Amino acid sequence: KTDGDHAHVVWDGLLVAAIVSAIAAGILIAVPQIMFPTTAINGYDRLLPLVIFAVAGTDIALAALAYRYDIGATVRARSIVEPWAISIGAFAFGFYSLRDGLILAYVVSMLAAFLTALYPLLKSYGLPRGWKPRMAELFALARQNMPLAAADAIEWGSRRLDIAILGLFASPAIVGIYYVAQQVASLPQKLKTSFDPILGPVITRALAENRLGDIAKQISQVGFWIIAAQTGIALALGIPGEGVMGLVGATFVSGTAALAFLLAAEVVAATAVVSESVLVYMARHRNLWISLAMLAVQAGLSVALILLSKYWGLNDLAMGAAVALALAISLMLASIIKARLLSKLLGAQVNTLRLVLVGAAAGASLVGWGFTTLPQSLEWLELSVGVPVILGVYGLIIWKFGLGPDDRLLFRKSEDKG
């Protein structure tokens with residue numbers, strides 16, 4: 001929103017992040033039991049919150065670089081340096097201390113990611129010459145963004161609330177099976193976050209130029225891509241779900257129903273996520289209230305479905321499927337409401353669904369069903385061959401019939417740049 005030096009804006013953000021990080025770190029250092037509620041505080045545990053400075057600074061730096069369309073910095077910091085640093089650090093510090101080694105490795109990986117982001121930030125924006133921090137304006141801006149932070153916290157909480165409620169009614173063994181299913185289902189969820197660095201700068205620039213129709217078009221396009229990719233992964237993991245869960249252990253096969261609902265939940269959540277990427281700028285408070293309502297619906301529906309399964313005399317495993325179904329329904333409602341609100345604000349239809357998704361899912365399901373009919377002695381074929389074939393058939397149908405001229409033009413531009 002400013003016409004001033006953008007380097008000053010970036011360093012304002014870094015300063016606010018540092019101040020808030022200091023407050024958060026101070027609280028956690030004073031009360032480390034918040035981080036380690038079930039274990040004694042030893043070694044470097046109390047100093048772990050200092051890593052918050054690096055985490056927050058990295059986020060600010062990468063956001064600033066994404067604004068200038070430097071997505072490579074995010075890939076280098078988050079996908080290359082961070083995982084390799086923690087792996088190498090864990091091996092090296094293991095010789096020093098098996099207990100503190102992991103904590104030290106984590107700290108090193110966060111610092112390495114921060115330095116990896118800081119170098120291109122300084123190269124792109126430079127040092128803030130003549131910079132004078134505007135403390136009052138900075139904290140006013142931070143207060144304005146509290147609804148955004150709360151919405152992020154609610155999305156995180158929605159993926160924890162199901163386990164918390166399930167733990168109140170089911171045994172630890174059932175919760176453990178559900179947790180494994182949740183981890184498997186988290187794979188398609190990562191696809192949504194991979195689009196954030198690309199979508200964010202495009203939206204902010206379009207809003208600044210009041211190109212609302214373009215935003216609706218971009219949200220519809222990117223939303224379809226995310227849903228298409230997530231649906232393909234969900235089918236590849238869900239159709240041979242028993243085999244996938246069986247890789248963890250025979251006991252976990254009983255969590256296949258929960259896995260199916262959790263995969264469906266991630267697919268239906270995509271529309272809400274891409275809509276929210278605009279709503280946080282145009283209607284942040286209404287977006288927050290919708291998210292809170294979604295959380296309340298999830299909680300109430302989870303308890304109701306669990307009690308209903310008990311009334312029907314179903315076994316405890318049905319409770320896991322019940323909370324997963326409640327999550328899927330609440331996320332679907334949030335997607336519908338947020339998409340309609342965004343369409344109203346933009347004055348243009350936001351539609352992330354295309355009919356080809358039904359045909360592609362049907363074709364992939366038919367092929368996948370064929371692999372599930374194989375005898376148990378050939379179950380290895382279901383995963384080693386069935387999963388790639390399901391993805392292949394699904395992807396082929398989407399590519400041939402699902403991509404419009406605009407989609408193909410964008411892919412051709414990407415290939416030319418490559």
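This short talk goes through the aromatic pairs, two charges over rings, and one helix of the structure above.

Please keep in mind throughout that the model is a predicted one. Let me begin with the aromatic rings, where a pair is described by the distance of the centres and the angle of the planes. The count here comes to two aromatic pairs. One of them joins Trp11 and Trp131, whose ring centres are 6.3 Å apart and whose planes stand at 50 degrees, which makes the pair tilted because that angle lies between the limits of 30 and 60 degrees. Trp11 belongs to helix H1, while Trp131 sits in the loop between helix H4 and helix H5, so this pair ties together parts that are 120 residues apart in sequence. As for its surroundings, Trp131 has a relative accessibility of 25% and therefore counts as partly exposed.

The other pair is Phe91 with Phe95, and since their planes meet at 90 degrees, with 5.3 Å between the ring centres, the pair is edge-to-face. Both of these phenylalanines are exposed.

Next come the charges over rings. Arg68 lies over the face of Tyr125, 3.8 Å from the ring centre, and the charged end of Arg354 sits over the ring of Phe224, at 3.9 Å from its centre.

Finally, how many of the 27 residues of helix H11 are buried? The number is 20, so H11 is largely enclosed by the rest of the structure. This helix covers residues 256-282, and its end C-alpha atoms are 40 Å apart, which agrees with the 39 Å that 27 residues should span. Along the way, H11 bends by about 35 degrees at Glu276.

How values were computed
Residues numbered from 1 in each chain as written. Predicted model: local features only at pLDDT ≥ 70, side-chain atom pairs only at ≥ 80, totals over all residues. Heavy atoms only, no water. Phe/Tyr/Trp six-rings, centres within 6.5 Å; stacked < 30°, edge-to-face > 60°. Helix = DSSP H or I, 4+ residues; strand = E, 2+ residues; numbered from the N terminus. Buried < 20%, exposed > 50% of the residue type's maximum accessible area, 1.4 Å probe, protein only. Lys NZ or Arg CZ within 6 Å of the ring centre and 35° of its normal. Expected span 1.5 Å × (residues − 1). Bend = angle between axes of the 7 residues up to and from the residue.
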